[in-house]
Amino acid sequence: MDNPLKDHRIDTTTGQLVVNGEPYLIRGIELHNSTSSSAEYLQPLWERIADAGVNTVLAPVSWELVEPHEGQFDFTLVDAMLSGAREHRLKLVLLWFGSWKNGSSSYTPAWVKLNPSRFPLQTDETGTPLDNLSPFSAANREADATAFAAFMEHLARVDSHDKTVIMVQVENEVGLLGASRSHGADAAAAWEASVPAPLVDALRAGAFPHVRTPDTPSTPTWDSLTGDADRTAELFMAWHYAAHVQHVAAAGQERYDIPLFVNAWLDSIVPAEFRSEDAAFAGGQTPGVFPSGGPLPHVSAAWKLAAPSIAFLAPDVYFGDFEVPLKGYADTNTTLFVPEMRADSHGVSHSFLAIGKYGAIGVSPFGFDSLNDDDTLDLRRTYAQLAALEKDILTAQTQDRVRGFRVSDREEETLTLGPYEFVVKASTARSDGETVGYGLLLQSDEHTFIAAGHNFTVAPRTRGGQPVGLLQADELVIRNGALIPRRRLNGDETSAGTRIRIAGNPARIHGGFIFATQTLPGLVRFSLYYRAKSHEAVERIGRRSMAADRG
């Protein structure tokens with residue numbers, strides 16, 4: 001569908017998501033896999049989702065339910081999701097669970113599952129079939145593309161006016177489990193074929209250091225590449241999975257042109273608590289233990305060359321050091337989005353880091369629908385702050401005026417904004433034992449800033465390390481979606497005008513003694529001044545700060 005205005009698009013200059021012509025920050029949640037398979041089951045959840053400060057719901061659309069019989073399509077569940085989202089003023093990101101979901105093919109229709117001679121599976125080295133449709137099969141590719149095109153055509157027909165759906169994810173955590181590459185007859189023929197010329201050029205430019213091309217002018221075949229054998233197999237699978245996804249994505253995008261993306265099951269060092277035979281989902285370092293060929297940063301060159309219809313690659317982050325994949329995907333994609341992450345306080349605490357440090361268009365904790373209200377406290381608090389600051393954050397992302405962070409009580413981080421440095425530390429006086437602080441700093445003008453988040457302190461100084469003073473600091477509260485000053489903070493709440501304290505309960509003050517619980521803010525606007533400056537300079541800064549306060 002030709003849509004030159006593209007109401008929903010990715011801004012290729014800034015990497016931001018544009019919705020209805022305006023930059024948009026996703027405060028998302030992803031539903032459990034089976035929640036959207038029943039409109040009745042989903043119906044009572046809409047209000048609770050909206051009340052949590054969520055603005056976008058990620059929900060699966062299952063191929064087996066959309067096309068239960070070949071050529072016969074049923075979009076009743078899609079229409080129910082559109083209706084529920086519109087009623088509660090929510091946007092949708094729909095997830096196409098087609099040929100692959102989490103490294104397997106469990107969401108394919110029965111008529112596909114029961115006809116492996118027509119719709120072949122991949123096999124391991126012993127010839128044993130794996131529960132994974134072959135991306136080398138034209139029949140598999142065409143069947144998936146036909147269903148996805150019908151789905152996107154339906155969206156164009158029923159949603160092009162309201163534009164409730166802002167993006168679509170194509171497949172889910174693509175890749176092969178159980179082998180580093182497929183050994184079926186169709187895969188064997190592809191393995192002996194020439195490596196596509198664009199990928200050869202990328203390899204020779206160093207795009208994938210684990211694999212080398214032969215020192216000959218001729219086009220190499222896949223089996224003539226040298227280097228780590230498993231990584232060569234992974235690259236081979238990445239190209240062919242991406243080529244399948246491109247065929248599917250292009251067929252859908254021709255019907256309805258909105259942003260399409262893919263997500264990845266990460267490779268990772270498995271934490272000790274998840275090292276067991278039935279917990280491979282935690283990751284691993286070997287292709288085939290994690291889904292080989294999935295859209296990971298180190299094979300992003302293959303994915304981008306083979307699947308140009310895909311706007312960006314995205315990580316699903318659950319285990320290990322979250323900052324590693326955040327940085328990896330931010331470095332290899334214009335746009336960063338986290339479509340799945342842990343929904344507990346540990347996961348949610350990385351939201352400001354993703355958005356403020358790495359410029360993410362949003363985050364989406366998984367499984368909100370199974371959590372009680374106490375379990376969603378961190379998410380609701382974080383989303384309320386992000387909602388109040390959304391326009392400021394989106395502008396600041398394009399002007400390098402925002403910094404996100406996450407610190408524990410064993411570390412500190414120094415952030416630079418404008419003419420200042422800010423030493424950020426976690427508050428360690430939580431009665432519940434919490435020792436993590438997280439949030440962001442946003443620069444409003446040269447000397448005025450907003451701090452948001454939870455359980456940290458900020459001590460400002462000049463870039464040269466000289467002390468500065470808090471000219472004034474105001475607690476901000478959210479009323480009718482706007483930020484309104486409430487308390488003027490000073491004294492104990494600002495350590496005598498030397499630092500900003502963001503909600504950590506109770507507050508530790510005066511040499512570590514814990515007084516009666518103080519009510520510390522979660523949002524503060526503050527202005528700074530140089531104590532050693534001339535009277536004229538101090539007055540000039542003061543006039544700017546007071547003008548900003550009136551504004």
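The exercises below, each with a worked solution, concern a predicted model of a protein chain.

**Exercise 1. Overall make-up**

Describe the protein chain by its secondary structure, its burial and its contacts.

Solution. Begin with the secondary structure, which comes to 16 helices and 27 strands. Next consider burial: of the 551 residues in the chain, 55% are buried. Then turn to the contacts with a separation of 6 or more, of which 72% are between residues 24 or more positions apart. Finally, the accessible surface of the chain comes to about 22700 Å², and carbon and sulfur atoms account for 49% of that area.

**Exercise 2. A sheet of three strands**

Work out which strands stand at the edges of the open sheet formed by β1, β2 and β3.

Solution. The first step is the strand order, which is β1-β2-β3 with antiparallel pairing. The second step is to look at partners: β1 (9-10) and β3 (22-24) each have a single partner strand, so these two stand at the edges, and one side of each is left without a neighbour in the sheet. As a third step, examine the pairing of β1 with β2 (residues 17-19), where two bridges join the antiparallel strands. In one of the bridges to β2, R9 has V18 as its partner. As general background, strands of a sheet pair through backbone hydrogen bonds, in either a parallel or an antiparallel manner.

**Exercise 3. Two aromatic pairs**

Classify the ring pairs F148 with F151 and F449 with F526, and locate each along the chain.

Solution. The whole structure contains 22 aromatic pairs. For F148 and F151, the ring centres are 5.9 Å apart and the planes stand at 55°, so this pair is tilted. Both residues belong to helix α6 (residues 138-159), where a spacing of three residues separates them by about one helical turn, and both are buried.

For F449 and F526, the distance is 5.8 Å centre to centre with 25° between the planes, and this pair is stacked. Here the pair links distant parts of the chain, since F449 lies in strand β20 (residues 448-454) and F526 in strand β27 (residues 523-529), 77 residues apart. Under the cut-off of 20% relative accessible area for burial, F449 at 0% is buried, and F526 at 1% is likewise buried. Ring pairs also link F449 and F526 with Y420, F422 and Y530 into a cluster.

**Exercise 4. Arginines over rings**

Identify the rings over which R48 and R181 lie.

Solution. The charged end of R48 sits over the ring of F368, at 4.7 Å from its centre. R181, in turn, lies over the face of W191, 4.0 Å from the ring centre.

Methods. Residues numbered from 1 in each chain as written. Predicted model: local features only at pLDDT ≥ 70, side-chain atom pairs only at ≥ 80, totals over all residues. Heavy atoms only, no water. Helix = DSSP H or I, 4+ residues; strand = E, 2+ residues; numbered from the N terminus. Buried < 20%, exposed > 50% of the residue type's maximum accessible area, 1.4 Å probe, protein only. Contact = heavy atoms within 4.5 Å. Areas by Shrake-Rupley, 256 points an atom, 1.4 Å probe, with all protein chains shown as cover. Pairing = 2+ DSSP bridges. Phe/Tyr/Trp six-rings, centres within 6.5 Å; stacked < 30°, edge-to-face > 60°. Lys NZ or Arg CZ within 6 Å of the ring centre and 35° of its normal.
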